[in-house]
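Me: I would like to go through this model by question and answer. Let us take backbone, surface and interior in turn.

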Amino acid sequence: MTANGTPGTPPAGIFKGSRLSELVANTRATAYGAVSKAPFTVALMGAILLSGLITRSIFRTTENNRWFEDLAYGLPAFTNGDWLTAITGTFVLSEPASYLLVMFLLPLSVGWLEVSRGTRSAIVTFFLSQFASLAVVAAVLLLFRDLGSSWIDALSRDVDTGPTGGIFACLTLAVCYLRQPWKLRWQFLLISFAVVSVTLVGEISDLEHAAAITLVLLWKIRTISRPNLREQRFIAWVGLLSLVSIQILTIIVPTNGPFGPTQAGGGRIAVLVNAVLVLVLTRGLRSGRRVAWVAAIVLAILNVLRGIVGLTLIVTLGPELRQGSGIASFAAAHAALWALMLVYLVLCWRAFGVRRLRRLPAALGHRGMDAPAVVAQLRRYGGGTISWMSTWRGNQHFRSPGGSVMTYQVHMGCAIGLAEPIGPAEDRDAAMTAFSSAAEKAGLCPFFFSTSAPLATPPDQWRAMQIAEDTLVDLPGLEFAGKKWSDIRTALNRAAREEVSFRVTRLADEPTRVRTQLEEISKAWVGDKSLPEIRFTLGTLEEAADPMVKLALAENAQGEIQGFLSWLPVYAPGGEISGWTLDLMRRRDFGFASVMEFLIGSSLKHFSDSGADFASLSGAPLAHIQHTAAQEPVDRVLASVSKALEPLYGFGSLHAFKAKFNPRVAPMYLVYRDESDLPRIAGGLTRAFLPEATLSQLAREGFGALRDMRAKRR
C-alpha cells in the first residue's frame, strides 16, 4: 500500500516468483501422480536413462564400440552362452534417437497396461515377452540360416539392444482389453505393422516386434473376434490406404527385407497409379459397393502379377540383375502385401454386395408407406412427441419384422433414424437393430436422432449421448399462479390491453387474407438468414397445412397477425390425442413484443381446458445442457455445428426462452455405433437440417464461424 492507502505497484519479481513456484508445484504433483499410478513404468524409464548416462550412449552412437557387442543380445551372443545379454541388452540403447523413441513408447504401452491392468501384470508381461521374443527370433534364425537366404544369414550375424519386444507386447495386451470395435481395429493395425515391418524393413528388431505381438495375440486368441460386416469393410478401407501409403514411403526411403534391398524411387509410376486408383475406390469399399470390390480385386491381381515378374527376375538372374534389382525387389516385396490384401478381399466377398440404393430393403415385403398409413400406425400404437414428423414429405419408412415402422432419411451416406420406431413397445430395440442391419447391408451409416432412451444393448455395440432436452408442460389443473409464471401473466395482461386476441384454428380453414400474412411473416423470418430454413425436425407452412395440425394465431384489432404457432398431435395407444408438440414459431417484425409468451401461454391453457395431458415445447436442435467426459468426442462435433448455426437460428436462446414455462425435461439422445462415425454423422445431420443449402453457402458460413471463434479467442 502507498502512504495514502491506495494499492501500489508490486515489487518486480513477485509474479515471476509465484509463477516459478506454481510450475514447481505442478511438476511435483505430476511426477507424484505418475509414480503412484505407474511405478514400474517410471522405474523402467529411469533405469534405461541411467544406463544411457553410464554408457554415454544417450549422447552419441556407441554401436561401434567394442563393449557394445558384450552387452547386446542376438543369435551370436546366445550361441556363445552369453544369456545375460538378454538382460543387459534390454536396458542399453545404441544411439540418442533410440532413447527419444523408447521414452515416448514406454508410457503409451507399459504405462497404459500398468494403469489399466495393474503393476504386476505390466512387470510379468514386459519381462516375459521381452525374453520370449528374443528366444523365438533366435530359434527361427538358427533353424533357417545357411539355407540360401542372404537376409536370414545377415540377421543371424546381427545383434540388437533395447526393450521394444516388451514394449510391443504390453501395447498388444492393453489393446486386447479395449472395447469393440476398437479392440479389433487395433489388433488388425498391430498385425499389419508386424507384417509390413518384416516384409519391407526386415531388421532383427522388426522380427522381435512381430514375435512379441504374435505371442500375446496367441495367448489372447479368444479376444480376436470375427469382424462383422461393417468391420470387414473398414479393414479393407484402412488396409488399402495403408498399403499405398507404405508404397509411397518406400519410394522415398530404401528398405531391405526378405526380398532383398529396394531402390529408393523404384516403381514410382506404378505406385502413383495405385494411389490414384485406391483414392477412387476407398469410399466405395467403405460403403460395401460391389463395383469397388471388383476393381480392388483387379488392382490387387495386377500388383501380385507384377511382383511375380520381379521375383522371377531375382531368382533367375540373381547377381546378374544389376540396375533393375532394386525395382524388382520393390515389386516383389509389395506383391506379398498385395497378395494378403487379395486373399482378404476374396474371403470377405459377402461384405461387398451393395448396389446404389437410396431406400432400404424393408422386411416382410413392405414397399413403402404413405402418410395415411403412418397415421394409422400412430393411432394404433401411439408415438412420442416428435412421431408426427414421420408423416412429413421427404421421409422414408422401414417396417421391421415385429411390425414397427422406423422413419428415416438418407443423407451423405447416412441412414438417419428419426426418434423411436412406431409400433409395439416391446419391439423397439429389435426394430432399431433390424433397421441398422438393413442400413449396413445397403452400405449406409446408421444412427438414431432424438430418441427418448439409449438402446438396451451391450455398450460395445452402441453409444448414446444426450443432445437435447424435450421440454414438457403438464396440463391438468394448469394455472399461471405464483412468481414463476409472472412473465406469462405479464404477456397475457399486455395482450388484453393492446387488444391482441388469441384463437386456435386450422390453416386450411383460414381465408386467403390470413394465409397471405402467414406466408409474409415466414418469408421475412427466412429472408433474414443466409441459409435456408431448417428441415428434418422443424416444419414449414407446408407441414402446418395438415388438417390434424393446430394453428395458434395472435391477431390485433386491425386484423394483423402478430405471430403464430403450429402444434403437432401426440397420439396415445388406441387413437386418443394425449398431447401436443410445438413446431413452428413465427412473429411479425416490430409487432407485439411479448407475442410468443402470449401465444404459448394461451395455447397451454387452451389444451389444458380441452383435456390434454401435456404439451411439448420440443427440444431445440443441437442445444443441450448436460455434458460428461464419456460424451466429449461426439459432443465436440455437435457443439461445433451448434455454434456455427447459433447466430442464424438461435438454438441456445430458444432453449433458454422455453424455461419461462417451467417445464419438466426429458432427455433426447443421439444413438450411434462408435466414434469413427462422427465425421459422417456431422455431415449427415448438416445435410438433413439444411437439405436446400448449397455447398458455397455452407462453406461461407463455416469459414465465418471459424473467423468469429478466432476473434473471440483474441
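Me: Is Met 412 buried, partly exposed or exposed?
Reply: This is a predicted model. Met 412 sits in the loop between strand S4 (405-411) and strand S5 (414-418). Its relative accessible area is 49%. Exposed needs over 50% and buried needs under 20%, so Met 412 is partly exposed.

Me: What is the phi of Met 412?
Reply: Met 412 is not a glycine. Its phi is positive all the same, at about 50 degrees.

Me: Where does Asn 662 lie?
Reply: Asn 662 also has a positive phi of about 50 degrees, and it is not a glycine. The residue is partly exposed, with a relative accessible area of 31%. Its place is the loop between helix H23 (651-658) and strand S13 (664-672).

Me: Which residue does a cis peptide bond join to Gln 180?
Reply: The omega of this bond is about 5 degrees. The partner lies in the loop between helix H9 (164-175) and helix H10 (182-201). The residue is Pro 181.

Me: Which helix gives the most to the nonpolar surface patch?
Reply: The patch is made by Val 136, Val 140, Leu 143, Phe 144, Leu 147 and Leu 215. It covers about 520 Å². Four of its residues come from one helix, residues 119-144. That is helix H7.

Me: Why does Val 140 count as partly exposed?
Reply: Val 140 lies in helix H7 and is one of the patch residues. Partly exposed runs between the 20% and 50% cut-offs. Val 140 falls in that class because its relative accessibility is 34%.

Me: What is the volume of the second largest cavity?
Reply: The search covers the whole structure and finds three cavities of 30 Å³ or more. The second largest has a volume of about 80 Å³.

Me: Which helix supplies the largest share of the lining of that second largest cavity?
Reply: The lining residues include Arg 230, Arg 233 and Phe 234. The largest share is three residues. They come from the helix spanning residues 229-252, helix H12.

Me: How many charged residues line the second largest cavity?
Reply: Among the lining residues are Arg 286, Glu 440, Arg 673 and Arg 680. Ser 287, Gly 443 and Leu 444 line the cavity too. By class, two lining residues are nonpolar and two are polar. The charged ones number six.

How values were computed: Residues are numbered from 1 along each chain as its sequence is written. This is a predicted model: local features need pLDDT of at least 70, side-chain atom pairs count only at pLDDT 80 or more; totals for chains, interfaces and linings use all residues. Side-chain values use heavy atoms; hydrogens and water are left out. On a 1 Å grid over the protein atoms alone, a cavity is a set of points where a 1.4 Å probe fits but cannot get out, and a pocket is an open set with protein on both sides within 12 Å along at least five of seven lines; lining residues have an atom within 4 Å of a point. Grid points are joined across faces, edges and corners, and a volume is the space filled by probe spheres set on the points. Helices (H or I, at least four residues) and strands (E, at least two) are DSSP runs, numbered from the N terminus. Ala, Val, Leu, Ile, Met, Phe, Trp, Tyr, Cys and Pro count as nonpolar, Asp, Glu, Lys and Arg as charged, and the others, Gly among them, as polar. Patches are made of residues with over 30% relative accessible area and no salt bridge: like charges are joined within 9 Å, nonpolar side chains (Val, Leu, Ile, Met, Phe, Trp, Tyr) within 5 Å. Accessible areas come from the Shrake-Rupley method with a 1.4 Å probe; for residues, only the protein chains shown count as cover. A salt bridge is a side-chain nitrogen of Lys or Arg within 4 Å of a carboxyl oxygen of Asp or Glu. Buried means under 20% relative accessible area, exposed over 50%, partly exposed in between (1.4 Å probe, protein chains only).
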